[in-house]
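Thanks for coming. I have one structure to go through, and I will start with a strand pairing and work outwards. Please have the viewer open.

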Amino acid sequence: TEETTTNGKQDKDEQASNNNVTVTVDENGNYKVELKQDVNKTVSVPDTWGTVSVDLKDHTIKGDDATDDAAAAKPGLEFTKGTDASAAGTTLNVVDSAGGGKVQGGAGSAKNPNGAAGVGTANGVDNAKISVGASASVVGGAGATGENGTGGNGGSGIAGAVEPTVDGGSVTGG
């Protein structure tokens with residue numbers, strides 16, 4: 001199992017980490033996430049976190065691939081409805097200081113041939129924003145050949161109620 005360690009602080013010196021990420025507080029009091037390795041599962045991001053910086057550090061966040069037992073492909077990052085109705089929303093600022101990281105949607109399968117968006121939303125998300133900055137990419141998942149021989153659609157780069165800004169990075173479909 002994956003264990004998260006913290007330093008127990010809840011101020012500008014707050015830190016937490018696990019096998020996948022290190023989380024610190026930046027000079028503006030916002031959370032800063034740095035990837036330590038590839039993450040091969042959909043990462044849920046509540047729409048109540050404020051501004052969060054994510055440095056991919058040449059790693060990939062890849063959503064779940066579709067399966068042949070009815071599970072559709074999922075986005076790499078999925079904004080979800082948070083529980084704090086008074087929160088101002090979430091703005092993710094995704095960059096890659098090492099130059100090759102990406103957020104990618106899961107690929108389709110024979111029974112579920114459509115690929116997923118690189119970034120998507122669950123129902124009810126109110127205020128989600130993403131900025132794709134320096135050297136980062138957001139890529140939709142690849143479509144697959146369906147059981148009946150027809151091709152599935154590649155996923156969008158960004159889908160759903162997400163306000164995108166591209167500032168030095170790239171967003172492409174699968």
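Strands β3 and β4 pair in the antiparallel sense, over 5 bridges. β4 covers residues 31–35, and β3 covers residues 21–25. Before going further: this is a predicted model, and every value I quote is computed from it.

Two bridges between these strands are worth finding on screen. Thr24 has Lys32 of β4 as its bridge partner, and Val23 stands opposite Val33 in β4. The connection is a hairpin with 5 residues between β3 and β4. In its turn sits Gly29, with a positive phi of about 85°.

Now look at the two faces of β3. Which residues are on the covered face? They are Val21, Val23 and Val25. The uncovered face carries Thr22 and Thr24. So of the two bridges I just named, one starts from Val23 on the covered face and the other from Thr24 on the uncovered face.

On the other side in sequence is β2, residues 15–17, which pairs with β3 in the antiparallel sense over 3 bridges. A hairpin makes that connection too, through 3 residues. Ser17 stands opposite Thr22 in β3, and Thr22 belongs to the uncovered face.

Next, the other neighbour of β4. Here 4 bridges join β4 to β6, and the two strands run parallel. One pair to look at is Glu34, which stands opposite Asp55 in β6. As a reminder, strands of a sheet pair through backbone hydrogen bonds, either parallel or antiparallel.

Putting that together, these strands belong to an open sheet of 8 strands. The order is β1-β2-β3-β4-β6-β9-β12-β14, and the pairing is mixed. Where are the edges? They are at β1 (5–6) and β14 (162–167), each of which has a single partner strand, so one side of each is left without a neighbour in the sheet.

Next, the chain as a whole. The secondary structure comes to 0 helices and 15 strands. The radius of gyration is 16 Å, close to the 16 Å that the globule rule gives for 174 residues, so the chain is as compact as a globular protein of that length. The C-alpha atoms fill a box of roughly 55 × 35 × 30 Å along the principal axes.

As for burial, 39% of the 174 residues count as buried. The exposed area is about 8,800 Å², and carbon and sulfur atoms supply 43% of it. If you count contacts between residues at least 6 apart in sequence, 66% join residues at least 24 apart. On charge, there are 12 positive and 23 negative side chains, and the centres of the two sets lie 1 Å apart.

Now a few single residues. Thr60 is found in strand β7, residues 60–62. Is Thr60 buried or exposed? It counts as buried, because its relative accessibility is 15% and the cut-off is under 20%. Leaving aside neighbours within four places in sequence, Thr60 is in contact with Leu35, Asp38, Val39, Lys102 and Gln104. Leu35 in that list is a residue of β4, which spans 31–35.

Ala110 is in the loop between β10 (102–104) and β11 (119–121). With a relative accessible area of 30%, Ala110 is partly exposed. What does Ala110 touch, beyond its neighbours within four places in sequence? Its contacts are Asp68, Thr145, Gly146 and Glu147. For a distance to check, Ala110 and Thr42 are 68 residues apart in sequence and 20 Å apart in space, C-alpha to C-alpha.

Last, backbone angles. Most residues other than glycine have a negative phi. Two residues here are worth a look on that account. Lys57 has a phi near 50°, a positive value in a residue other than glycine. Its place is the loop between β6 (50–55) and β7, and at 32% relative accessibility Lys57 counts as partly exposed.

The other one is Ser135, with a positive phi of about 65° although it is not a glycine. Ser135 lies in the loop between β12 (128–133) and β13 (137–139). At 37% relative accessibility, Ser135 counts as partly exposed.

That is what I have. I can put any of these residues back on screen.

Note on methods. Residues numbered from 1 in each chain as written. Predicted model: local features only at pLDDT ≥ 70, side-chain atom pairs only at ≥ 80, totals over all residues. Heavy atoms only, no water. Rg over C-alpha atoms; globule rule 2.2 N^0.38 Å. Buried < 20%, exposed > 50% of the residue type's maximum accessible area, 1.4 Å probe, protein only. Contact = heavy atoms within 4.5 Å. Areas by Shrake-Rupley, 256 points an atom, 1.4 Å probe, with all protein chains shown as cover. Lys, Arg positive; Asp, Glu negative; His and termini not counted. Charge placed at Lys NZ, Arg CZ, Asp CG, Glu CD. Pairing = 2+ DSSP bridges.
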